[in-house]
Amino acid sequence: MDYIETPEGKIYYRIEGRDNNETLVLLHGLSADSAMFTPQIEYFKNYYKVIVPDLRGNGKSCELNCKVEKILDIQADDIRTILEKERIDKAFIGGTSYGGVLTIHMMVNFPELFKAAILCDTFCTVDMTPFLNSIAQLMAPLVKYSWFMKMCTLPIYARWPQTHAYFNDLFNHIRANESVLQRRAIIDINYSELLKKSKISALLLAGDFSGKLVQMMKITEKCLSNCQSQVISNSFDPSNMCRPDIYNELVNNFIKEVLKTN
């Protein structure tokens, strides 16, 4: 892994592929790390330069020690700094789940960094589910307990062995307090109006195992003027792990389409 230095410590990231190719940046989900995109690194490194960070507060990266309202700003700035270090002006930037929210945050704040965006199993606002969001706020502190995360999620992933194994291992060394902070950072987000001003081309993906993921995708779709969407069958958050074959093909086709038209 490579890294950038910050006043608080190092931000680690994996970088694979050829220097002369287009760059694909992928941002992982809540409490996860760069290993969540192992299937994508192995596939896309043959086509593009691939950068997958451990977001601050996750994986091997330094501690996330700031006010909740600053978390997305700081993590987004870390990604910008990585691109500066690698001398990359623009990239295809994508995120799954929490990483998708961070990608949307970057679309709003650093649009100049994007060739296009990939948003998977994510959301741009919590306004559409106020009741569920209230429950999420009450349950946020429980994110730090590995037994709770295993109880709530592992049964769902039984049909996707690779994903099940990844999360079973992840929850054994979860960074508890930082997981809670990041959950709270996205609990009141609403980018709906800001996204309506975005001209960035975007691919929206959602697994169909939960109708809620598809509903959230459709809400985001209505906010973007230049996007396409695709439901991934027999998939759940994170679709890039549950159905990597389909995810990789859809993303690769999208990147090729963007490059062809620009």
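These legends accompany close-up views of a predicted model.

**View 1. Helix 2 packs across helix 3.**
Helix 2 spans residues 71-85, and helix 3 spans residues 98-109. Their axes come within 10 Å and cross at roughly 80 degrees. Angles of 65 to 115 degrees count as roughly perpendicular, so helix 2 and helix 3 are roughly perpendicular to each other. Helix 2 contributes Ile71, Leu72, Asp73, Gln75, Ala76 and Ile79 to the contact. Helix 3 contributes Tyr98, Val101, Leu102, His105 and Met106. By class, the residues of this contact are 8 nonpolar, 2 polar and 1 charged.

**View 2. Helix 2 also meets helix 7.**
Helix 7 covers residues 176-185. The axes of helix 2 and helix 7 come within 9 Å and cross at roughly 105 degrees. Helix 2 and helix 7 are therefore roughly perpendicular to each other. On the helix 2 side, the contact residues are Ile71, Leu72 and Gln75. On the helix 7 side, they are Leu181, Gln182 and Ala185. This contact has 4 nonpolar residues, 2 polar residues and no charged ones. Ile71, Leu72 and Gln75 of helix 2 also take part in the contact with helix 3.

**View 3. Ile118 sits in the largest nonpolar core.**
In soluble globular proteins, nonpolar side chains tend to be buried together. The largest nonpolar core here has 82 residues. Ile93, Met107 and Ile118 touch the most other members. Beyond its neighbours within four places in sequence, Ile118 is in contact with Leu24, Phe92, Ile93, Gly94 and Gly95, among others. Its further contacts include Leu203, Leu205, Tyr247, Val251 and Phe254.

**View 4. Leu119 is a buried residue of strand 6.**
Strand 6 runs over residues 114-120. Leu119 has a relative accessible area of 2%, so it counts as buried. Gly95 lies 24 residues away from Leu119 in sequence, yet their C-alpha atoms are 5.5 Å apart. Leaving out residues up to four places away in sequence, Leu119 touches Gly95, Gly100, Thr103, Ile104 and Met107, among others. Leu203, Leu204, Leu205, Thr220 and Leu224 are also among its contacts.

**View 5. Val231 in strand 8 is partly exposed.**
Strand 8 comprises residues 227-232. The relative accessible area of Val231 is 35%. Val231 and Leu204 are 27 residues apart in sequence, with 8.5 Å between their C-alpha atoms. Apart from neighbours within four places in sequence, Val231 contacts Ala206, Asp208, Val214 and Met217.

**View 6. Cys124 and Cys242 are in no disulfide.**
The structure holds 0 disulfides. For Cys124, the nearest cysteine sulfur belongs to Cys223, 4.2 Å away. The cut-off for a disulfide is 2.5 Å between sulfur atoms. Cys124 counts as buried, at 1% relative accessibility. For Cys242, the nearest cysteine sulfur is that of Cys120, 9.3 Å away. Cys242 is buried too, with a relative accessible area of 8%.

**View 7. Arg87 and Asp89 lie in the loop between helix 2 and strand 5.**
Strand 5 covers residues 91-96. Arg87 counts as exposed, at 78% relative accessibility. Its phi is near 60 degrees, a positive value in a residue other than glycine. Asp89 also counts as exposed, at 65% relative accessibility. The C-alpha atoms of Asp89 and Lys115 are separated by 9.4 Å, although the two residues are 26 apart along the chain. Setting aside neighbours within four places in sequence, Asp89 is in contact with Glu112 and Leu113.

**View 8. Ser97 has a positive phi, and the bond from Asp237 to Pro238 is cis.**
Most residues other than glycine have a negative phi, and most peptide bonds are trans. Phi of Ser97 is about 60 degrees. Ser97 is in the loop between strand 5 and helix 3. With a relative accessible area of 18%, Ser97 is buried. The cis peptide bond from Asp237 to Pro238 has omega near 10 degrees. Pro238 lies in the loop between strand 8 and helix 10, which covers residues 239-242.

Definitions and conventions. Residues numbered from 1 in each chain as written. Predicted model: local features only at pLDDT ≥ 70, side-chain atom pairs only at ≥ 80, totals over all residues. Heavy atoms only, no water. Axes fitted to C-alpha atoms, helices over the stretch in contact; angles between N-to-C directions. Helix = DSSP H or I, 4+ residues; strand = E, 2+ residues; numbered from the N terminus. Parallel < 35°, antiparallel > 145°, perpendicular 65-115°, else oblique. Contact = heavy atoms within 4.5 Å. Nonpolar A, V, L, I, M, F, W, Y, C, P; charged D, E, K, R; others polar. Core = buried A, V, L, I, M, F, W, Y, C linked by side-chain atoms within 4.5 Å. Buried < 20%, exposed > 50% of the residue type's maximum accessible area, 1.4 Å probe, protein only.
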